[in-house]
Amino acid sequence: MITVRAVPILSDNYAWLVHDAPSGATAIVDPAEEAPILAAIEAAGGRLDLILLTHHHADHIAAADAVRARTGARMVGARADAHRLPRLDAAVAEGDTVRLGGAAARVLDTPGHTVGHIAYVFDDPSVLLCGDTLFSLGCGRLLEGTAAQMFASLRKFAGLADDTLVCCGHEYTESNARFAVHADPGNAALAAYAAQVTAKRAAGQATVPSRLGEERACNPFLRAADVATLADLRARKDNFR
Ligand code: ZN
Ligand code: FE
């Protein structure tokens, strides 16, 4: 039974602190800024077992070596990107399991934003740590991969429950909502959700984690029925202001 909490870092990134209460085991996902992450670890009991990396971008890995040096945590990341990640203690790929105390995360290969991007899924409760693959009301830019890869990656989340917590790498929801409403103006669930997002941001609150069911109802990228639709949405979003 794990708990998960967002640690705001840099300008709009989130690292995620995952805590297995029965064992006290703790993991941090994408630690890119040292001070707030060490403070969050301290607040959770001072122990860090695992550093889980989703992809190689600096805004996700910049403080990983420093956090390892301070805590002795094991570093876990994508085998496919081991050459451009900090030194990994466990190089993983889809099908692998990462143990955190009495809990375990499944690894999914989720290329698209980068070719070696991975996501982690805990099942009790259902938590998806998806880096820059899926955002609330959006998805990652196709910086290395193709629309077909991103489409296949998003499809991998189809088997997860509606109440899955979507723990993404950025607070991009408000700008994503503007594009989503523009792209899908007839979606009443989206309109209502976008209004909630605006209110939360006006109050200085995080909009994440969201629930996968909300994304299924509202997120045009997750709702795209085929690769061509996703490619078209992604291209339009890249040029939207
Ligand atoms: Zn990225
Ligand atoms: Fe990022």
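This passage walks through the two metal sites of a predicted model.

Let's start with the zinc ion (ligand 1). Four protein donors hold onto it: H55 through NE2, H57 through ND1, H113 through NE2 and D132 through OD, at 2.2 to 2.3 Å. Along the chain, these donors are spaced as H-x1-H-x55-H-x18-D. That pattern brings distant parts of the chain together: H55 sits in the loop between β4 (50-52) and α2 (58-61), while H113 is 58 residues away, in the loop between β8 (103-109) and β9 (118-123). H55 has a relative accessibility of 1%, so it counts as buried, and H113, at 6%, is buried too. As for geometry, the angles between the four donor atoms run from 87 to 175°, and the arrangement is therefore irregular.

Next comes the iron ion (ligand 2). Its protein donors are D59 (OD), H60 (NE2), D132 (OD) and H170 (NE2), found 2.1 to 2.3 Å from the metal. This site is irregular as well, with angles of 82 to 172° among the four donor atoms. In sequence terms, the iron donors follow D-H-x71-D-x37-H. Here too, distant stretches of chain are linked: D59 belongs to helix α2, and D132 lies 73 residues away in the loop between β10 (126-131) and β11 (134-135). D59 is partly exposed, because its relative accessible area is 22% and buried means under 20%. D132, on the other hand, is buried at 3%.

So what ties the zinc ion and the iron ion together? The residue to look for is D132, which coordinates both metals, and the two ions are 3.1 Å apart.

Key:
Residues numbered from 1 in each chain as written. Chains lettered and ligands numbered in written order. Predicted model: local features only at pLDDT ≥ 70, side-chain atom pairs only at ≥ 80, totals over all residues. Heavy atoms only, no water. Donors = N, O, S within 2.8 Å, 3.2 Å for Na, K, Ca; no water. Tetrahedral: all angles 85-135°; square planar, octahedral: opposite > 155°, others 65-115°. Helix = DSSP H or I, 4+ residues; strand = E, 2+ residues; numbered from the N terminus. Buried < 20%, exposed > 50% of the residue type's maximum accessible area, 1.4 Å probe, protein only.
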